[in-house]
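Here are my notes for you on this model, in numbered points. Keep the structure open beside you and look up each residue as it comes by.

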Amino acid sequence: ESKRGGPGGFRVFHDGLAARSNRVLQLEQGLQRAIGRGEVSVHYQPVMALTGDRAGQAVGAEALLRWHSAELGPVRPDEFIPVAEAAGLIGALGDWVLDQALTDLGDWMAAGHVPADFHVAVNVSAHQLCADLPDRVARQLARHRMPAANLGLEVTESAVLNRSTAPEALRRLHELGVTLLLDDFGTGYSSLSQLQELPFDVVKVDRSFVAGMNRHPRSRALVLAVLSLAESFGMSVVAEGVEDEEQAESLRAAGCPRVQGYFFARPAPVAEFLANLPGTAAVPAPVPVR
Ligand code: C2E
Ligand code: MG
Ligand code: MG
Ligand code: MG
């Protein structure tokens with residue numbers, strides 16, 4: 001007698017598992033060759049100033065990895081990043097993204113497409129937050145002759161809490177002068193005061209709270225609380241996932257300094273990103289929120 005409930009039950013279970021692991025296997029094999037085959041690229045989404053004298057202008061961008069597999073077609077980061085992490089491939093992908101982002105940013109600066117203090121933020125996985133990350137970042141910055149102040153690294157709270165090596169890596173990155181952003185804030189279990197001991201410069205409010213801001217009093221309360229706590233801790237705030245004018249206006253009224261979202265621009269390949277960069281010569285500034 002099998003504990004699995006007989007041969008029939010086992011079959012169903014087994015087939016489901018086989019299909020899932022087959023997909024994972026395909027993703028893993030595909031990812032191993034993705035860089036060499038030129039299947040990966042970086043898209044950029046502008047970060048907009050909402051307050052201050054640069055309101056309505058793009059002050060930076062987030063670099064977002066894209067993978068178009070020859071066999072599997074386009075695969076979303078939410079699916080392939082965890083596979084890359086589990087397969088030990090995130091280090092190589094992360095290095096590639098950083099290299100590409102610094103190359104692109106250098107090009108934009110040289111061509112005068114962006115101001116000298118424009119920053120690009122790259123996402124970093126928990127697995128990358130180990131002892132050698134600060135040196136790798138420092139080497140890349142030197143190779144690209146890029147000031148650390150122009151680079152941001154986005155880390156989620158779960159990444160910070162799940163890696164014992166994270167606080168030291170973050171401290172050394174901060175010493176380099178890199179901007180550290182706490183990504184997807186509000187979705188984890190940490191409190192801002194817990195995280196205050198870490199050298200974060202910017203809190204990114206998760207888009208789920210922005211989406212609910214004008215419908216759910218609790219979402220609005222969370223956004224307002226993050227804004228006021230961040231200010232008292234000397235951190236800046238970026239609200240993510242702003243999809244409509246009402247959300248943008250609420251955030252502006254609440255004093256949120258920076259925003260990102262489909263309402264302003266979707267992540268796009270370099271040429272499209274530059275052509276639609278708000279507040280630049282190509283695109284007349286601002287989408288004046290109010
Ligand atoms: P994230 O870092 O929180 O990035 C923001 C995600 O929200 C992106 O999804 C972006 O396309 C999407 N987004 C931006 N504005 C809006 C909006 O107004 N509405 C909605 N619904 N979504 C919006 P994407 O590009 O699919 O990336 C998903 C996640 O994958 C990222 O979340 C990040 O955690 C991870 N990721 C992406 N690129 C990299 C990378 O190079 N390295 C690592 N380690 N992770 C990456
Ligand atoms: Mg991010
Ligand atoms: Mg995020
Ligand atoms: Mg995310």
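1. Let's begin with a term. A pocket here is an open set of grid points with protein on both sides within 12 Å along at least five of seven lines, and its volume is the space filled by probe spheres set on the points. Keep in mind that you are looking at a predicted model. The largest pocket in it has a volume of about 1300 Å³.

2. What lines this pocket? The lining of the largest pocket is made up of 42 residues, and those nearest the centre are Glu62, Leu64, Pro77, Asp78 and Asn123. By class, 18 of the lining residues are nonpolar, 12 are polar and 12 are charged. Strand S2 gives the largest share, seven residues. Among the other elements that supply at least two residues each are helix H2 (77-86), H3, S5 and S6.

3. Now for the metals, beginning with the magnesium ion (ligand 2). Its protein donors are Glu62 (OE), Asn123 (OD1), Glu154 (OE) and Asp183 (OD), which lie 2.0 to 2.2 Å from the ion. Written along the sequence, the spacing of these donor residues is E-x60-N-x30-E-x28-D. Glu62 belongs to strand S2 and Glu154 to strand S5, so this pair ties together parts that are 92 residues apart in sequence. Glu62 is buried, with a relative accessible area of 5%; Glu154 is buried too, with a value of 2%.

4. Which residues coordinate the magnesium ion (ligand 3)? Asp183 (OD) and Asp184 (OD) do, along with Glu240, which is listed twice through OE, and the distances run from 2.1 to 2.4 Å. The sequence spacing for this ion reads D-D-x55-E. Asp183 sits in strand S6 (residues 179-185), while Glu240 is in the loop between strand S8 (236-239) and helix H10 (245-253), so the two tie together parts that are 57 residues apart in sequence. Asp183 and Glu240 are both buried.

5. Did you spot a name that came up at both ions? Asp183 bridges the magnesium ion (ligand 2) and the magnesium ion (ligand 3), and the two ions lie 3.9 Å apart.

6. There is a second largest pocket to look at, with a volume of about 180 Å³. It is lined by 15 residues, and the closest to its centre are His119, Thr179, Leu181, Val202 and Arg258. S4, S6, strand S7 (202-205) and S8 each give at least two residues to this lining. The classes here are six nonpolar, four polar and five charged.

7. What about closed spaces? A cavity differs from a pocket in that a 1.4 Å probe fits inside but cannot get out. The count is one cavity of 30 Å³ or more, and the largest cavity has a volume of about 70 Å³. Helix H3 (90-110), strand S4 (119-123) and H4 are the elements that give two or more residues to its lining. Among the lining residues are Asp95, Asn123, Leu133, Arg136 and Leu153. By class, this lining has six nonpolar, three polar and two charged residues.

8. Next, try looking down helix H4. Which of its residues are buried? Leu133, Pro134, Val137, Gln140 and Leu141 are. They cover an arc of only 130° around the axis, which puts them on the same side of H4. These buried residues pack against H3, S5 and H6. On the face turned away from the buried side you'll find the exposed residues Arg139, Ala142 and Arg143. After H4 comes Arg145, with a positive phi near 50°.

9. Helix H6 (residues 166-176) is worth a look in a similar way. Its buried residues are Ala166, Ala169, Leu170 and Leu173. The arc they cover is only 100°, which puts them on the same side of H6. If the spacing puzzles you, here is the background: an α-helix has 3.6 residues a turn, so residues three or four places apart point the same way. The cover over the buried residues of H6 includes helix H4 (133-143), strand S5 (151-156), helix H5 (157-162) and S6. H6 is followed by Gly177, and the phi of Gly177 is positive, near 105°.

Technical notes: Residues numbered from 1 in each chain as written. Chains lettered and ligands numbered in written order. Predicted model: local features only at pLDDT ≥ 70, side-chain atom pairs only at ≥ 80, totals over all residues. Heavy atoms only, no water. Donors = N, O, S within 2.8 Å, 3.2 Å for Na, K, Ca; no water. Helix = DSSP H or I, 4+ residues; strand = E, 2+ residues; numbered from the N terminus. Buried < 20%, exposed > 50% of the residue type's maximum accessible area, 1.4 Å probe, protein only. Arc of directions from axis to C-beta. Contact = heavy atoms within 4.5 Å. 1 Å grid on protein atoms, 1.4 Å probe; cavity = no way out; pocket = protein on both sides within 12 Å on 5 of 7 lines; lining within 4 Å. Nonpolar A, V, L, I, M, F, W, Y, C, P; charged D, E, K, R; others polar.
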